[in-house]
Amino acid sequence: MKAAIIGGTGYGAIELIRILHKHPYLEIGSVVSNSQAGNSISESYPHLSEIIEQPLEKFDAKSLSEKNDVVFLATPSGVSSNLIPQLMEVGIKCIDLSGDFRLRSATEYESWYKHSPADDQYLKQATYGLSEIYPEKIKSAKLIANPGCYPTAASLGLLPILKTSLADYESIIIDAKSGVSGAGRGLSLSSHYAEINENIRAYKLGQHQHIPEIEQVLSDESDRPITITFTTHLVPMTRGIMCTTYVKLVENVTTKEVQEIYSEFYKNKSFVRVRPEGKVPATKEVLGSNFCDIGLHVDTRTNRLTIISVIDNLVKGAAGQAIQNVNLMNGWDEWTGLQDIPLYP
Ligand SMILES: NC(=O)C1=CN([C@@H]2O[C@H](COP(=O)(O)OP(=O)(O)OC[C@H]3O[C@@H](n4cnc5c(N)ncnc54)[C@H](OP(=O)(O)O)[C@@H]3O)[C@@H](O)[C@H]2O)C=CC1
Ligand SMILES: CC(=O)N[C@@H](CCC(=O)OP(=O)(O)O)C(=O)O
């Protein structure tokens with residue numbers, strides 16, 4: 001089968017290309033670039049020279065659907081809400097890496113994303129692609145809203161405890177850190193070397209666009225409205241997200257008992273690794289891979305659970321999970337094309 005990628009010279013697209021290069025059943029059919037059509041991808045990314053000399057194309061929904069079986073959109077927020085209706089009209093399946101189809105409520109787009117939502121009829125057709133939680137819905141989906149990077153790490157870390165009666169649902173605090181590639185390839189003052197090197201900065205306090213996304217999935221899965229305190233930090237590394245999440249417990253339980261709940265919850269999920277008691281993961285332990293690693297600690301003095309969840313923002317947080325979803329949609333093994341062990345050190 002063939003895949004088209006839109007947003008061709010962005011980081012999400014380049015990560016899709018890296019994974020698809022090794023995928024046995026899915027090859028790159030088209031790469032669309034707004035800014036570089038007519039050039040080869042290796043002109044923008046010399047590390048691909050003589051490996052992938054894909055010519056970059058202009059967007060044309062009909063021609064993409066004739067040459068490809070699936071389209072990945074790795075475009076900035078506000079772009080795929082216009083492109084996906086055109087692609088769905090010509091009958092091609094879409095996986096959107098942006099946030100344009102993740103929220104169900106159109107009004108939330110105006111307040112959190114500051115742009116108009118996609119047409120309601122298309123919003124309604126989107127399946128939220130958190131692979132470990134919604135595999136059955138993903139299998140039959142025509143449009144996948146691939147989860148955001150922070151929501152992937154935060155939700156996978158929180159859901160097992162929220163599915164028990166042990167959590168105080170009003171007590172959730174997520175302290176999140178991301179490497180700079182999370183902001184994409186575009187230049188900005190905050191990712192300027194002198195601004196981020198040897199520096200840590202909290203940003204978008206109380207305003208991050210991932211707040212409603214995380215609240216939506218947590219509320220859906222625990223059958224009650226959940227609100228969170230969520231603070232993001234930019235840290236001086238290239239890739240990686242760590243969410244340090246705090247939840248008050250309403251009963252006395254030990255770390256070992258919570259660890260067993262998590263191991264049971266993820267027992268058949270290849271990409272979520274729950275660390276044994278006393279061990280917590282670091283971002284480098286998932287670098288370049290599709291893993292989400294989770295470590296747990298119950299402070300018996302405060303009866304508070306600390307959850308550490310780490311992912312590579314460009315793999316499990318974007319391109320890797322998108323490929324995992326296409327694997328599910330086609331009945332292929334979830335691991336297909338995603339077998340890489342993390343790059344270490
Ligand atoms: N970086 C990350 O870790 C994650 C990113 N995401 C989301 O995935 C999407 C892609 O992210 P990322 O690749 O990092 O972003 P980048 O900024 O690196 O790339 C986006 C690409 O989209 C294309 N583009 C820019 N403006 C337009 C436009 N107006 N119309 C059409 N295409 C345009 C450009 O490529 P070209 O000119 O070649 O078309 C650009 O390079 C974003 O929505 C992002 O929020 C989600 C999870 C994690
Ligand atoms: C480090 C950094 O800036 N990260 C970005 C992640 C954005 C992202 O992935 O965007 P969507 O999920 O909304 O598509 C941010 O915090 O806005």
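## Around ligand 1

In this predicted model, helix H1 gives the largest share of the shell around ligand 1, with three residues. H1 covers 11-20, and helix H12 (315-329) also chips in: each of the two supplies at least two residues of that shell. The shell isn't a one-domain affair either, since at least three residues come from each of domain 1 (2-124) and domain 2 (150-313).

In all, 29 residues sit around ligand 1, and the ones that come nearest are Gly10, Gly12, Ser33, Ser98 and Gly184. Sorted by class, this shell has 19 polar residues, nine nonpolar and one charged.

## Around ligand 2

Which residues are around ligand 2? The list runs Ser77, Ser98, Gly99, Gly148, Cys149, Ser178, Gly182, Ala183, Gln209, Thr232 and Leu234. Ser98 turns up here, and Ser98 is also one of the residues that come nearest to ligand 1.

Charged residues are missing from the shell around ligand 2, which splits into eight polar and three nonpolar. Here too, domain 1 (2-124) and domain 2 (150-313) each put in at least three residues.

## How the two domains meet

The domain assignment cuts the protein into domain 1 (2-124) and domain 2 (150-313). Taken over C-alpha atoms, their centres are 27 Å apart.

Where they touch, nine residues of domain 1 are in contact with eight residues of domain 2. On the domain 1 side, helix H5 (residues 106-113) gives the most, with three residues. That side is a mix: four nonpolar, three charged and two polar residues.

## The nonpolar core

Now for the inside. The largest nonpolar core counts 92 residues, and Ile5, Leu16, Val71 and Phe72 have the most contacts within it. Helix H8 (residues 149-162) brings the largest share, eight residues. Like the two ligand shells, this core draws on both domains, with at least three residues from each of domain 1 (2-124) and domain 2 (150-313).

What does leucine 16 touch once its neighbours within four places in sequence are set aside? Its contacts are Ile5, Phe72, Ala74, Ala319 and Ala322. Two of these partners, Ile5 and Phe72, are themselves listed with Leu16 among the residues that have the most contacts in the core. Ala319 and Ala322 belong to the stretch of helix H12 (315-329), while Leu16 falls within H1 (11-20). So the leucine 16 contacts link the two helices that each supply at least two residues of the shell around ligand 1.

Technical notes. Residues numbered from 1 in each chain as written. Chains lettered and ligands numbered in written order. Predicted model: local features only at pLDDT ≥ 70, side-chain atom pairs only at ≥ 80, totals over all residues. Core = buried A, V, L, I, M, F, W, Y, C linked by C-beta atoms within 7 Å. Buried ≥ 20, exposed ≤ 12 C-beta atoms within 10 Å, placed from the backbone. Helix = DSSP H or I, 4+ residues; strand = E, 2+ residues; numbered from the N terminus. Domains from an automatic or database assignment. Contact = placed C-beta atoms within 7 Å. Nonpolar A, V, L, I, M, F, W, Y, C, P; charged D, E, K, R; others polar. Near = placed C-beta within 6 Å.
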